[in-house]
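Subject: Structure handover

Hello,

Here is the structure I promised to pass on. Please open it first, then read my notes below.

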Amino acid sequence: MIEVENLSKYYDGFCAVNRIDFSVQKGEIVGLLGPNGAGKTSTLRMLTGYLSPTSGNIRVKDYSIRDDALKIKHLMGYLPESAPLYRAMLVYDYLDFVARIRGLDEDKRKNRIRALSELCGLTEIMHFSIGELSRGLRQRVGLAHAMMSDPEILILDEPTSGLDPNQIVEIRDIIRRAAKEKTIILSTHILSEAEATCDRVIIIHRGKIVADDDTRTLSEISGLDQVVALALRHAPAEAAAERLRGIDGVLDVQETGKFDGETLELKVRCREGSDPREAIYKSVKETDWVLLELHQETQNLETIFRELTRED
Amino acid sequence: MRPLIGIAGKELKDYFVSPIAYIVISVFLLVTGWIFFTTFFLFNQADMRNFFNLLPMTFSFVIPAVTMRLFSEELSVGSLETLLTLPVRFSDVVMGKFVAAVLFTAAILAPTLAYPLAISLLGDLDWGPVAGGYAGALLLGAAFCAIGLLASALTRNQIIAFILGAVICFSLTVIDKMLFFFPDSLLGVIAYLGAGTHFENIAKGVIDSRDLLYFFSVTFIGLYAATLAMQER
């Protein structure tokens with residue numbers, strides 16, 4: 001559906017996007033993840049034809065962004081970051097304007113606006129001017145704007161940034177409802193966001209792709225070892241480390257903290273695929289130490305993200 | 001064509017839902033009315049020559065005020081991004097805004113039609129120059145709108161857009177009255193650049209292809225440059 005080939009963008013010599021390649025299949029929900037200034041917005045702006053790439057190409061279906069930008073724009077709905085809409089316009093007028101430009105007929109226009117206002121929860125605010133709306137509401141108007149022509153591809157730049165938790169859930173619901181049979185690319189720097197909504201995650205750092213995989217695979221195979229964290233009371237540090245190292249599957253033991261002189265916090269690095277928690281419990285039971293805490297640290301996107309985008 | 005009409009309609013509506021339209025129209029009528037009628041009865045002539053003579057001067061300040069927000073506002077709010085990622089051509093956007101500005105200029109001029117009507121009651125008014133004057137006013141207005149649009153596409157600050165537009169329009173208006181500053185060899189070219197003379201010719205009722213060509217070229221150059229300025233990212 002979408003092929004990005006060797007795409008770069010320079011601003012006055014500053015490299016915002018550095019030769020990235022990826023492709024998106026029909027029906028996928030792809031999350032573009034990265035710290036601020038990683039090149040997410042630049043990438044999306046090039047995808048939507050707002051910026052022209054310095055080098056490289058983007059193909060959508062059979063169209064190239066360099067020759068058929070207009071045709072590509074017909075296939076796409078785009079919500080820019082923080083929904084910059086005409087503040088002086090009424091919500092209804094604005095949606096009507098977008099529908100006109102999208103080339104919808106008079107009667108189709110009314111139906112589409114009605115359907116969208118229900119989908120995005122705008123029925124109550126149709127007669128407000130956009131400038132009066134709260135951020136969350138404006139974002140919803142922006143979503144309606146993006147979905148006006150029922151496009152095959154939806155591109156959303158930080159659709160939930162700056163919203164309160166309730167609004168985030170609302171926007172996510174709208175996206176999920178709209179997601180059927182649509183290809184969606186959304187950017188975010190909130191990891192739980194990507195985990196919750198995306199099938200696939202592309203992590204960008206300093207203009208380069210550092211990871212590109214299914215959300216689930218990425219969480220499982222991260223190239224990082226499994227880590228078990230535990231807290232012990234009345235355990236001498238040396239003896240505890242010694243005992244734990246003797247357990248099958250344990251690679252290394254690290255002391256991470258000590259409280260009141262008697263509570264010891266440890267991190268146990270284990271071989272991939274092994275789960276020595278049971279063995280650890282049994283081993284500790286043989287002593288007179290008290291086991292306060294024992295849990296496996298999940299390798300969620302958060303850890304991977306931090307690992308991959310660490311500033312060295 | 002549809003996006004163009006949509007954009008023009010939206011911009012025109014924007015003028016009239018905000019107070020800008022009414023303020024600009026009132027100021028224009030006040031200034032032209034005052035300057036025109038203070039001397040009108042002294043000349044004791046039933047014509048509108050004075051009104052049209054002043055028009056390039058007033059237009060070079062009024063029209064940049066009309067056009068200054070067209071792109072600058074979109075640039076500063078960021079809404080240009082939402083607009084340009086809709087399926088529109090750059091030319092549709094520029095032309096749509098241009099058409100709205102020209103129609104608004106016509107709306108500014110419309111109330112002044114009361115002047116010739118009033119004058120024709122007072123004396124024997126020759127309608128030829130009046131018709132020529134209004135036609136010329138629209139051509140001049142269109143050319144200045146194109147310049148104002150270009151100024152607006154260059155900056156996200158509306159005040160800078162206004163000043164830049166006004167400076168260019170004002171220079172074009174007065175340049176052929178300042179010929180004594182220029183060397184002889186350039187006189188012909190500079191005189192042709194001045195908007196004032198071309199407008200006066202048409203306002204006399206003389207339709208010359210050179211004058212028409214002048215206004216069409218200025219309009220075209222302004223719009224084309226605005227398109228390029230907007231495209232350059």
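What pLDDT does chain A average? The value is 84, and 94% of the residues in chain A score at least 70. As those scores suggest, this is a predicted model. Confidence in chain A is lowest in helix α8 (residues 215–220), with a mean of 68. It is highest in helix α3 of chain A (residues 91–101), at 92. Chain B has a mean pLDDT of 89, and 100% of its residues reach 70 or more. For the model, ipTM is 0.86 and pTM is 0.83.

**Chain A: domains**

The domain assignment splits chain A into domain 1 (2–220) and domain 2 (226–298). Taken over C-alpha atoms, the centres of these two domains are 46 Å apart.

**Chain A: the six-stranded sheet**

Start with the open sheet of six strands in chain A. Its order is β6-β7-β8-β3-β9-β10, and its pairing is mixed. At the edges are β6 (76–79) and β10 (208–214) of chain A, each pairing on one side only. On average, neighbouring strands here are turned by 15° against each other, direction ignored.

Look next at the β6 edge. β6(A) runs parallel to strand β7 of chain A (residues 153–157), and four bridges join them. Two bridge partners help to find the register. A:Met76 is matched with A:Ile153 in β7(A). A:Leu79 is matched with A:Leu156 in β7(A). Helix α5 of chain A (residues 135–146) packs on the sheet and touches β6 and β7 of chain A. The direction of this helix makes about 165° with that of β6(A).

Are the residues of β6(A) buried or exposed? A:Met76 and A:Tyr78 lie on one side, A:Gly77 and A:Leu79 on the other, and all are buried. Both faces of β6(A) are therefore covered, taking buried to mean 20 or more other C-beta atoms within 10 Å. The split between sides fits a general pattern. In a regular strand, side chains alternate between the two faces of the sheet.

Now go to the other edge. Strand β9 of chain A (residues 200–205) pairs with β10(A) in the antiparallel sense, over six bridges. A:Ile203 stands opposite A:Ala211 in β10(A). The two strands β9(A) and β10(A) form a hairpin, with two residues between them. In the turn, A:Arg206 has a positive phi of about 50°.

**Chain A: the four-stranded sheet**

Chain A also has an open sheet of four strands. The order is β12-β13-β11-β14, with antiparallel pairing. β12 (250–259) and β14 (290–297) of chain A are the edge strands, and each pairs on one side only. Neighbouring strands of this sheet are turned by 20° against each other on average, direction ignored.

Strand β11 of chain A (residues 226–233) and β14(A) share seven bridges in the antiparallel sense. One match to look for is A:Leu232, whose bridge partner in β14(A) is A:Leu291.

Which strands does helix α9 of chain A lie across? Helix α9 (residues 237–245) lies across β11, β12 and β13 (263–270) of chain A. It runs at about 155° to β12(A). Helix α10 of chain A (residues 277–285) lies across β11, β13 and β14 of chain A. Its angle to β14(A) is about 170°.

**Chain B: an enclosed helix**

Why is helix α11 of chain B (residues 195–203) largely enclosed by the rest of the structure? Because seven of its nine residues are buried. These are B:Ala195, B:Gly196, B:His198, B:Phe199, B:Glu200, B:Ile202 and B:Ala203. The cover over the buried residues of α11(B) includes α3 (49–67), α8 (127–154), α9 (158–174) and α12 (209–231) of chain B. Just after α11(B), B:Gly205 takes a positive phi of about 100°.

**Where the chains meet**

How many residues does each chain bring to the contact? Chain B brings 19 residues and chain A brings 22. On the chain B side, the elements giving two or more residues are α1 (2–17) and α5 (79–84) of chain B. α1(B) gives the most to that side, with six residues. The chain B side divides into seven nonpolar, six polar and six charged residues.

Best wishes

Terms used. Residues are numbered from 1 along each chain as its sequence is written. Chains are lettered from A and ligands numbered from 1 in the order in which they are written. This is a predicted model: local features need pLDDT of at least 70, side-chain atom pairs count only at pLDDT 80 or more; totals for chains, interfaces and linings use all residues. pLDDT is the predictor's confidence in each residue, from 0 to 100. Two strands pair if DSSP finds at least two bridges between them. Axes are lines fitted to C-alpha atoms, for helices over the stretch in contact, and angles run from 0 to 180 degrees between N-to-C directions. Two residues are in contact if their C-beta atoms, placed from the backbone, lie within 7 Å. Ala, Val, Leu, Ile, Met, Phe, Trp, Tyr, Cys and Pro count as nonpolar, Asp, Glu, Lys and Arg as charged, and the others, Gly among them, as polar. A residue is buried if 20 or more other C-beta atoms lie within 10 Å of its own, exposed if 12 or fewer, and partly exposed in between; C-beta atoms are placed from the backbone. Domain bounds come from an automatic or database domain assignment.
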